[in-house]
Amino acid sequence: MKRKLVFLLLPVVFIFAFFVPESTAQSTDGYKMKKIVLDPGHGGPLPGCTHGNYKEKDIVLSVALQVGALIEQNLPDVEVIYTRKTDIDVGLRERGNMANKANADLFVSIHADAVASSSARGSSTWVMGLSHEKSNLEMAIRENSVITYEEDYQTKYEGFDPKDPASYIIFSLTQSAHFEHSVKLANLIQKHYGQHTSIPTSRGVRQNALIVLHRTTMPSVLTEIGFLSNAADRAVITSKEGQARIARAIFNAISEYKSSVEGNAHIIRLDDNSPASLVASAAAANTGSSSASEASGAAVQPEPANAPAFVSPAQDHLLYRVQVSASQTPVARNRFGNYSRQVVEIKIGNYYKYFIGETKTYSEALSLQRQLRSKFKDAFIVAFRNEQPVTITDAMKRN
């Protein structure tokens, strides 16, 4: 006989936004973060929040694909798994099950918010837990109510009623094993939103009973990138540049989290000077390509510090090199092993930068980068026009 969950009525518990110092995160000797699941909310016939022609499902898919492309380009040892890469509907239960079946190390669900009041704005990031604070419960009901569109949802979710506050008691103890690391990642996401976007972060890190996080067996968060119902937030989350900045913030948080839990002092961060044109949304969403980075046609890499603001189209001597090292003092050639004879040293600003290879096309440079990363894991592509560094974006536009 199928076992049924028994719901108990317990006193209402109010759990507010909270902060856990970054130093409390624990690292595991020898642990490596190998797989991350990115979950763009909603999809298919379920648009999520809407405003005019804007739909949450499209916005968060664009952001998720860009986050995935940044991970693939800059953290090549991490496999990215998407719960969806096109405009399809995936059940809340299936999203978590996909992460569990893949033995993922991290689960990040990406959403946008909306309420009746147009004044509410800001980003927030949620971890799994029980909360009956009124505003939190309303948010949980909004996100969880999509299960009612699934066939036989009462059986599938074992009697759970997303509109009944008593049902939420089943969430009180879930995710306890991963709570600390989930909070760690959530705080990092909010921190980087503050550094890279104009969307307020005062809503902070919060705890809520969210089905999509309920069954995951790894650190998991749901991040609301802003309010579609607020004009200022909407201007950011619906623009290409705004989405690129949000994706960069989420990537930097994941990268910093990865370094922390692996006990690695080296952190890869992309700053606001990095090319912001990695827009993988339409191409990847419509084609369902196997890689968001391939769909975008452009790698997001650290932009050269001295890149000129404008390069005349008449200057047409364009080439790509792969940077493998940089230092404020010259580096001995023997450091590069078998590649010592192929390395070119170029001083740019106050740094000596070391490059391997010269190609006329980005695709050739990308192939060389992949080859070199077996030895130089942080190798990235830099474009030069008339021997002056330019952004990858500018090079590809003017090529």
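Colleague: At what angle do α5 and α8 pack in this predicted model, and what does that make α5 relative to α8?
Modeller: In this predicted model, the axes of α5 and α8 are 8 Å apart and the helices pack at about 140°. Angles over 145 degrees would count as roughly antiparallel. An angle of about 140° therefore makes α5, relative to α8, oblique.

Colleague: Okay, and which hand does the crossing of α5 and α8 have, left or right?
Modeller: The contact here takes in residues such as L185, L188 and H192 of α5, along with A253, I254 and Y257 of α8. As for the hand, α5 passes α8 in a crossing that is right-handed.

Colleague: Let's stay with L185. Which residues does L185 touch, leaving out those up to four places away in sequence?
Modeller: L185 belongs to the largest nonpolar core, and is listed there with the residues that touch the most other members. Its α5 is one of the elements giving two or more residues to that core, and α8 is another. Leaving out the sequence neighbours, L185 touches L106, V108, V221, A253, I254 and Y257.

Colleague: V108 and V221 are both in that list. Which residue in β8 is the bridge partner of V108?
Modeller: β5 and β8 run parallel, joined by six bridges. Within β8, V108 has as its bridge partner V221.

Colleague: Now the whole sheet. Which strands are at its edges?
Modeller: It's an open sheet of six strands with mixed pairing, in the order β4-β1-β5-β8-β6-β7. From one strand to the next, the twist averages 25°. The strands that pair on one side only are β4 and β7.

Colleague: Which strands does α8 lie across?
Modeller: α8 runs at about 155° to β5. The strands it lies across are β1, β5 and β8.

Colleague: Let's move on to β12. How many of its six residues are buried?
Modeller: In a regular strand, side chains alternate between the two faces of the sheet. In β12, F380, V382 and F384 point one way, while I381, A383 and R385 point the other way, and all are buried. So β12 is mostly covered, and by the cut-off of under 20% relative accessible area, the buried count is six of six.

Colleague: And which residue takes a positive phi in the hairpin of β12 and β13?
Modeller: β12 pairs with β9 in the antiparallel sense over six bridges, and with β13, also antiparallel, over three. On the β13 side, F384 has P389 as its bridge partner. The hairpin has two residues between its strands, and the one with a positive phi, near 50°, is N386.

Technical notes
Residues numbered from 1 in each chain as written. Predicted model: local features only at pLDDT ≥ 70, side-chain atom pairs only at ≥ 80, totals over all residues. Heavy atoms only, no water. Core = buried A, V, L, I, M, F, W, Y, C linked by side-chain atoms within 4.5 Å. Buried < 20%, exposed > 50% of the residue type's maximum accessible area, 1.4 Å probe, protein only. Helix = DSSP H or I, 4+ residues; strand = E, 2+ residues; numbered from the N terminus. Contact = heavy atoms within 4.5 Å. Pairing = 2+ DSSP bridges. Axes fitted to C-alpha atoms, helices over the stretch in contact; angles between N-to-C directions. Parallel < 35°, antiparallel > 145°, perpendicular 65-115°, else oblique. Left-handed = near helix turned anticlockwise from the far one by under 90°.
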